[in-house]
Amino acid sequence: MIDVSHLSKTFQVKGKEIHALSDITFEVKTGEICGLVGHNGAGKTTLVKILSTLIIPDSGEARVEGHDVVSEANIVRKLLGVMTVSERAFYYRLTGMENLMFFASIRGLSLGESRSRAKELLEMVGLLDWKDIPYMKYSTGMARKLALARALITDPPVILMDEPTLGMDPISSREFRRLVEGLAKRKTVLMTSHNMAEVEDLAQRVVILNRGSVVASGSPQELKERVGTMKLVRTRSPDARLRKFVVGLSDQYFLVRVPEHFNVEGDEVRREPATLEDVFVSLTDEADSTTNRSRGGGGWRRWAS
Ligand SMILES: Nc1ncnc2c1ncn2[C@@H]1O[C@H](COP(=O)(O)OP(=O)(O)OP(=O)(O)O)[C@@H](O)[C@H]1O
């Protein structure tokens, strides 16, 4: 179980305050997959880093299986499996098997235990045939599966995944989702993602972050019902308010997909129930490109070694 209560975190950059998280509250129950979504810079990674005990919040509280991530950080680390997109997470020249055995041994397993656990996990994620191949030969999908296997070494009750399927092809990411789904029955899973279809497919609970605040949370169904029906309208001149709803261009017209209650001048093309992507677009501001920093900061390396 993950319990986040009134959590805030501010960074100082060149004398300027960046409110990465402001008064965040939500919970994820055991057996649930929670999708954490938000634009670039919305605060997702900051939240995952706080839960992973890598950075400390300014105020509020976060608990993993009832343990405080700040005062009981050592206990929390043992309860977590963390999967990130960091390319530096594995040793390139070592095989999948050797990598997993290495990480198992630093988690305190004996050589024999490390070998059998590594084999068990490689089988589980479908990489047994690749166990003796160096990591540098792995495809993106295989590398992600190995990262999932590593997160599971100690069979932790809580799994945190930061954009786990980034860069994966549709078939690999579907396979990956089924793996996570199988796991999640016994665990608590929090994953960040920019892929709304993936979140809709996997998550029982969705938390939408906008500029560091929770703008909505609930099941995908609840959130979709909240937005209701969307209408597709052909219009000549979408004003600034409509910019984020533009889904295409046709001849001299813009196609905008807006919630039913929006007044838009133009011809209505069709109406459809809202998808999770519609919910996201409706409830969040446009992405702020200035917050799109490079990823994989030093903090994650603590999990990689
Ligand atoms: N170490 C840091 N120092 C200064 N500012 C930071 C730091 N980490 C994050 N931020 C800022 O905090 C805000 C939230 O960043 P965060 O990485 O949590 O967003 P995100 O939702 O994960 O974004 P993305 O989808 O691009 O990964 C951004 O404005 C970011 O620039």
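In this predicted model, Arg 241 and Asp 239 are joined by a salt bridge, with 3.4 Å between their closest N and O atoms. How accessible are the two partners? Arg 241 has a relative accessible area of 43% and is therefore partly exposed. Asp 239, at 38% relative accessibility, is likewise classed as partly exposed, since that class covers values between 20% and 50%.

A second pair offers a useful companion to this one. The side chains of Asp 278 and Arg 257 form a salt bridge with an N to O distance of 2.8 Å. Because Asp 278 belongs to helix α9 (residues 276–283) and Arg 257 to strand β13 (residues 253–259), this salt bridge ties together parts of the chain that are 21 residues apart in sequence. Asp 278 and Arg 257 are both buried, whereas Arg 241 is partly exposed, as is Asp 239.

Salt bridges with shared partners also build a network, whose members are Arg 177, Arg 178, Glu 181, Glu 198 and Asp 201. Within the structure as a whole, the search returns 23 salt bridges. One of them brings together the side chains of Arg 177 and Glu 198, at 3.9 Å from N to O. Here too the link spans distant parts of the chain: Arg 177 sits in helix α6 (residues 170–184) and Glu 198 in helix α7 (residues 196–202), with their positions 21 residues apart in the count. Both Arg 177 and Glu 198 are buried.

Attention now turns to the packing of two helices. The axes of helix α3 (residues 96–106) and helix α4 (residues 111–124) approach within 8 Å, and their crossing angle is roughly 130 degrees. This angle makes α3 oblique to α4, because it falls neither over 145 degrees, where roughly antiparallel begins, nor in the roughly perpendicular range of 65 to 115 degrees. The crossing of α3 past α4 is right-handed.

Which residues make this contact? On the α3 side they are Met 97, Leu 100, Met 101, Ala 104 and Ser 105. On the α4 side, they are Leu 111, Ser 114, Arg 115, Ala 118, Lys 119, Leu 121 and Leu 122. By character, the residues of the α3 and α4 contact comprise eight nonpolar, two polar and two charged. The nonpolar members include Met 97 and Leu 100 from α3 as well as Leu 111 and Ala 118 from α4. The charged ones are Arg 115 and Lys 119, in α4, and the polar ones are Ser 105 in α3 and Ser 114 in α4.

Notes. Residues numbered from 1 in each chain as written. Predicted model: local features only at pLDDT ≥ 70, side-chain atom pairs only at ≥ 80, totals over all residues. Heavy atoms only, no water. Axes fitted to C-alpha atoms, helices over the stretch in contact; angles between N-to-C directions. Helix = DSSP H or I, 4+ residues; strand = E, 2+ residues; numbered from the N terminus. Parallel < 35°, antiparallel > 145°, perpendicular 65-115°, else oblique. Left-handed = near helix turned anticlockwise from the far one by under 90°. Contact = heavy atoms within 4.5 Å. Salt bridge = Lys/Arg side-chain N within 4 Å of Asp/Glu carboxyl O. Buried < 20%, exposed > 50% of the residue type's maximum accessible area, 1.4 Å probe, protein only.
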